[in-house]
Amino acid sequence: MKRLLLFVILSTTLLFLTTCEKKEPVSGNEPYPESIVLGFSQLGAESDWRTANSESIKTAARDAGIQLMFSDGQQKQENQIKAIRSFIANQVDVIAFSPLVESGWDTVLKEAKDAGIPVIITDRAIKTEDDSLYVALMCSDFREEGKKAGKWLVEKLQETKRDINVVELQGNMGSSPTILRKEGFEEIIKERPNIQIIQSVCADFMKSKGYEAMEELLKLEGDKIDVLYAHNDDMAIGAIKAIEEYGLKPGKDIIIVSIDANRGAFEKMIEGKLNCTVECNPLLGPMLMQAVRDVVAGIAIPKRIIIPGSVFPEEVAAQELENRKY
Ligand code: AHR
């Protein structure tokens with residue numbers, strides 16, 4: 001009887017140990033057995049959005065155990081092309097990049113394809129005749145963002161019959177958010193002939209340039225300006241400073257709508273200096289790392305992955321602030 005009892009205890013212990021050894025990873029964050037190397041070419045560090053985007057990519061790579069070669073293109077396409085070439089020379093497993101502008105990528109992407117390295121494009125789109133040059137594009141719907149900004153404005157000015165003069169601060173020329181946010185906004189406001197864009201200038205998505213551009217616009221148009229549409233929050237925040245220095249009240253004398261929905265914009269809305277921001281989510285890191293793992297594992301991923309976003313008017317800013325992650 002004693003022997004039988006001993007046998008039962010021993011076999012139960014053995015079964016328990018075997019079960020423990022077989023435990024599968026639960027979070028998906030454990031490093032893969034074979035380390036994956038990802039080369040990522042970031043376009044620069046022009047805005048708070050970009051800072052949050054770079055951080056998200058670095059953190060997610062670390063969490064996923066993916067070795068990251070990160071390069072900052074400093075707002076120069078040639079730097080990004082150089083970085084991609086060096087990733088190819090280093091035979092990384094996957095290349096990802098956020099393109100500064102839409103055109104001019106075919107040659108280097110062909111080189112990556114010839115080297116058998118899959119490419120994932122994040123954040124901004126490229127213009128190419130050959131979409132076999134990349135496996136996936138992961139980005140927000142910029143045209144839709146422009147349309148959302150336009151719809152919010154049209155609704156806000158529903159009852160206003162007089163002429164409304166809009167000034168527009170654009171992002172960097174030739175980039176997909178600049179092109180599409182402009183087109184989307186224009187598509188909506190053309191339904192209302194009394195709302196007109198009277199000036200449209202480029203401020204490269206930067207706070208400092210938003211400030212300078214708005215200073216100039218105020219010198220040119222002064223009190224004629226009713227609305228500022230800025231392609232991102234940073235430029236709007238720079239412009240707010242210029243408007244205050246000019247002696248007008250941002251958010252009251254000049255209605256302001258911008259894009260990104262970063263914390264800075266929420267703070268300005270709470271102060272009553274910005275009226276609406278349209279969300280463009282920069283936290284793409286975890287999604288990118290999942291796509292990288294899938295591509296390496298030979299799992300097919302969608303060609304176009306669209307990141308959703310909401311609209312935040314000033315009325316909800318205070319209650320939403322604590323939920324903002326960037
Ligand atoms: O491509 C995304 C845009 O680039 C963001 O709206 C802007 O803030 C950034 O610099």
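## Exercises on the ligand site

The ligand sits in the largest cavity, where a cavity is a set of points on a 1 Å grid over the protein atoms alone at which a 1.4 Å probe fits but cannot get out, and sitting there requires more than half of the ligand atoms within 2 Å of its grid points. This is a predicted model, in which local features need pLDDT of at least 70 and side-chain atom pairs count only at pLDDT 80 or more. Residues are numbered from 1 along each chain, and side-chain values use heavy atoms, without hydrogens and water.

**Exercise 1.** Determine which elements give two or more residues to the shell around the ligand.

*Solution.* Step 1: the surrounding residues (a heavy atom within 4 Å) include Trp49, Arg50, Pro177 and Arg181. Step 2: the elements sought are helix H2 (48-64) and helix H6 (176-189), helices being DSSP runs of H or I with at least four residues.

**Exercise 2.** Identify polar side-chain atoms facing ligand oxygen atoms.

*Solution.* Step 1: polar contacts are N or O pairs within 3.5 Å. Step 2: Ser47 places a polar side-chain atom 3.0 Å from a ligand oxygen, and Asp123 does so at 2.7 Å.

Definitions and conventions
A polar contact is a pair of N or O atoms within 3.5 Å; within protein, one must be able to donate a hydrogen and the other to accept it, and residues adjacent in sequence count only if both atoms are side-chain atoms. On a 1 Å grid over the protein atoms alone, a cavity is a set of points where a 1.4 Å probe fits but cannot get out, and a pocket is an open set with protein on both sides within 12 Å along at least five of seven lines; lining residues have an atom within 4 Å of a point.
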